[in-house]
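Visitor: Could you walk me through this model and show me how each label is earned?
Guide: Gladly, let us take it term by term.

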Amino acid sequence: MDNMKISTALAAIGATLFMTACGNELDSLPGLWEGTPVTLGAVSQMNSTANISMEFNTSPGNGHTGTVTLRALINMEEATVPQFDGMVESYALNVAGTAMMNGKYAIVDDDEVAITLDPTSLTVNVDPQAIKYQSNIFTESQKPTVDSLLPAAASHLASVIRPQISREFLQYSMLDDVKIKNGDIMSCEIADRDYTFRKIATE
């Protein structure tokens, strides 16, 4: 049995032992929660931010364990040096991407949620058509060449953002000090940082 299965099993056992018929704020956990933008950091000349959401779906017959999906809407900006004859100034790219990672969760205390993510489930996508130049410095003769490079640029940017978003997702191994107000505003601590999420869909 691998480490992921062991940790998930232990979390599920803990949840079963701790959580009985009594209700609490975490009864409102199932559903889709959207967070506020977080900074992923910089790689080379690229800065990245992400809006991360968490979707919790309960297991049949057990409201305190289930599956979780983390999703991210990613925005990237990269300053790029000239690559075409006759260009004398740098330009910048604005790029939109998405990422997703799956796992399991278990409520292990009245204000704690343990999450076990599967790193191999990570997908990262950058749409070539979502790559935008921030300054209009290309001549009409250069634009076809630039457009032909967009698929390769999208693949490159996806490979650059992949380790960043993976590190961010994998920090979500434990939600501590979880508080849910009015069933649709959740505050919690993740890796010693405070987060706030808003419920945008129920299970």
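Guide: A contact here means heavy atoms within 4.5 Å. This is a predicted model, in which local features need pLDDT of at least 70, side-chain atom pairs count only at pLDDT 80 or more, and totals for chains, interfaces and linings use all residues. Residues are numbered from 1 along each chain as its sequence is written, and side-chain values use heavy atoms, with hydrogens and water left out.

Visitor: Which residues is Gln-171 in contact with, leaving aside its neighbours within four places in sequence?
Guide: They are Ile-190, Ala-191 and Arg-193. For Ala-191, 20 residues away along the chain, the C-alpha atoms are separated by 6.0 Å from those of Gln-171.

Visitor: What makes the place of Gln-171 a loop?
Guide: Helices (H or I, at least four residues) and strands (E, at least two) are DSSP runs, numbered from the N terminus. Gln-171 sits between two such runs, helix 3 (150–170) and strand 8 (174–181).

Visitor: Why is Gln-171 called partly exposed?
Guide: Buried means under 20% relative accessible area, exposed means over 50%, and partly exposed is in between, with a 1.4 Å probe and protein chains only. Gln-171 has 29%, so the label is partly exposed. Ala-191, in the loop between strand 9 and strand 10, has 41% and is therefore partly exposed.

Visitor: What makes Ala-152 exposed?
Guide: Its relative accessible area is 55%, and the cut-off for exposed is over 50%, so the label follows. Ala-152 lies in helix 3, and its C-alpha atom is separated by 8.3 Å from that of Pro-128, 24 residues apart along the chain.

Visitor: Which residues of helix 3 are buried?
Guide: Among them are Leu-150, Ala-154, Leu-157, Ile-161, Ile-165 and Phe-169.

Visitor: How do you know that the span of helix 3 agrees with its 21 residues?
Guide: The expected span is 1.5 Å times one less than the number of residues. For helix 3 that gives 30 Å, and the end C-alpha atoms are 30 Å apart, so the two agree.

Visitor: Where is the kink in helix 3?
Guide: At Ile-161, shortly before the proline Pro-163, with a value of about 30°. The bend at a residue is the angle between axes fitted to the seven residues ending there and the seven starting there.

Visitor: What is notable about phi at Asn-182?
Guide: Most residues other than glycine have a negative phi. Asn-182 has a positive one, near 55°, and Ala-191 has a positive one near 50°. Asn-182 is in the loop between strand 8 and strand 9 (185–190), and at 76% relative accessibility it counts as exposed.

Visitor: How many cavities of 30 Å³ or more are there?
Guide: The count is one. On a 1 Å grid over the protein atoms alone, a cavity is a set of points where a 1.4 Å probe fits but cannot get out, and lining residues have an atom within 4 Å of a point. Grid points are joined across faces, edges and corners, and a volume is the space filled by probe spheres set on the points. The largest cavity holds about 40 Å³, and its lining includes Gly-35, Ile-52, Tyr-172 and Phe-197. Strand 1 (31–43) and strand 10 (193–202) each give two or more residues to that lining.

Visitor: And the chain as a whole?
Guide: The protein chain has three helices and 10 strands, and 38% of its 203 residues count as buried.

How values were computed
On a 1 Å grid over the protein atoms alone, a cavity is a set of points where a 1.4 Å probe fits but cannot get out, and a pocket is an open set with protein on both sides within 12 Å along at least five of seven lines; lining residues have an atom within 4 Å of a point.
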